[in-house]
Amino acid sequence: MGPIIAIIVLLVVVLMIVVSCIKIVPQAHAVVVERLGGYLDTWSVGLHFKTPFIDRIAKRVNLKEQVVDFPPQPVITKDNVTMQIDTVVYFQITDPKLFAYGVENPIMAIENLTATTLRNIIGDLELDETLTSRETINTKMRASLDVATDPWGIKVTV
């Protein structure tokens, strides 16, 4: 009886390892896979199999458009008026590999980049211009953020 139980236990362990290596990537998601600590591949939608003990899933990435609302930022206009401006940023991950390895904390990086870009844009405008040129500010913000976040695999949409 001893060898039969050992064989059954071994088969169960092997079956568990095989099942744990089967991965399904759902729609609008991607998975970054590493082999022995280095980038191996980016899996898109579908059924995938990873090599046990050698491959690991480094990051699961949501490819849907996402929105982040940042707290109000104090900015100073050209005519020395201080105002609080609330920012909302819409972004989408375009390259899961760059997103996984580009920057440590992408949301915090976007927040800091948004704050500094907003201060630069508003600092060149007077209070009246700031209140009337919302579309111009949005266009400049989007262009500036999109260029800066491109190496991180992120596209700022609004």
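**View A. Glutamate 126 counts as partly exposed, with a relative accessibility of 39%.** Here "buried" stands for under 20% relative accessible area, "exposed" for over 50%, and "partly exposed" for values in between (1.4 Å probe, protein chains only). The model you are looking at is predicted, so local features need pLDDT of at least 70 and side-chain atom pairs count only at pLDDT 80 or more, while totals for chains, interfaces and linings use all residues. Residues are numbered from 1 along each chain as its sequence is written, and side-chain values use heavy atoms, with hydrogens and water left out. Find glutamate 126 in the loop that joins α3 and α4. Helices (H or I, at least four residues) and strands (E, at least two) are DSSP runs, numbered from the N terminus. Which residues does glutamate 126 contact, leaving aside neighbours within four places in sequence? They are Thr77, Lys78 and Asp79, where contact means heavy atoms within 4.5 Å. Threonine 77 is 49 residues away from glutamate 126 along the chain, yet 5.4 Å separates their C-alpha atoms.

**View B. Leucine 36 has a positive phi of about 55°, although this residue is not a glycine.** To find leucine 36, follow the chain out of β2 (29–35) and stop in the loop before β3 (38–43). Is leucine 36 buried or exposed? With 71% relative accessibility, leucine 36 counts as exposed.

**View C. Asparagine 80 is another residue that has a positive phi without being a glycine, this time about 65°.** Its home is the loop that runs between β6 (66–76) and β7. The relative accessible area of asparagine 80 is 65%, so this residue is exposed.

**View D. Threonine 87 is a buried residue, at 9% relative accessibility.** Look for threonine 87 within strand β7. What does threonine 87 touch once residues up to four places away in sequence are set aside? Its partners are Val68, Asp69, Phe70, Thr114 and Leu118.

**View E. Threonine 149 sits in helix α5.** How much relative accessible area does threonine 149 have? The value is 0%, and therefore threonine 149 is buried. Around threonine 149 you can pick out Ile110, Leu113, Ile154 and Val156, which threonine 149 touches when residues up to four places away in sequence are not counted. Now look across to phenylalanine 91, which is 58 residues from threonine 149 along the chain. The C-alpha atoms of these two residues are 9.7 Å apart.

**View F. Lysine 64 is found in the loop that links β5 (55–62) to β6.** Its relative accessible area is 46%, which makes lysine 64 partly exposed. Setting aside neighbours within four places in sequence, lysine 64 has contacts with Ala28, Phe91 and Gln92. For another distance in this view, try valine 32: from lysine 64 the separation is 32 residues in sequence and 16 Å in space, C-alpha to C-alpha.

**View G. The largest pocket holds about 450 Å³ of space.** A pocket, on a 1 Å grid over the protein atoms alone, is an open set of points where a 1.4 Å probe fits, with protein on both sides within 12 Å along at least five of seven lines; lining residues have an atom within 4 Å of a point. Which residues lie nearest the centre of the largest pocket? Of the 18 that line it, these are Ile85, Asp86, Arg134, Ile137 and Asn138. Four elements give two or more residues to this lining: β7 (82–93), α3 (106–123), α4 (127–132) and α5 (134–149).

**View H. Stepping back, the chain shows five helices and eight strands.** Starting at the N terminus, you can trace the elements in the order α-β-β-β-β-β-β-β-α-α-α-α-β. Along the principal axes, a box of roughly 90 × 25 × 25 Å is filled by the C-alpha atoms of the chain. What share of the 158 residues counts as buried? The answer is 29%. Among the contacts in the chain with a separation of 6 or more, 61% are between residues 24 or more positions apart.

Definitions and conventions. Grid points are joined across faces, edges and corners, and a volume is the space filled by probe spheres set on the points.
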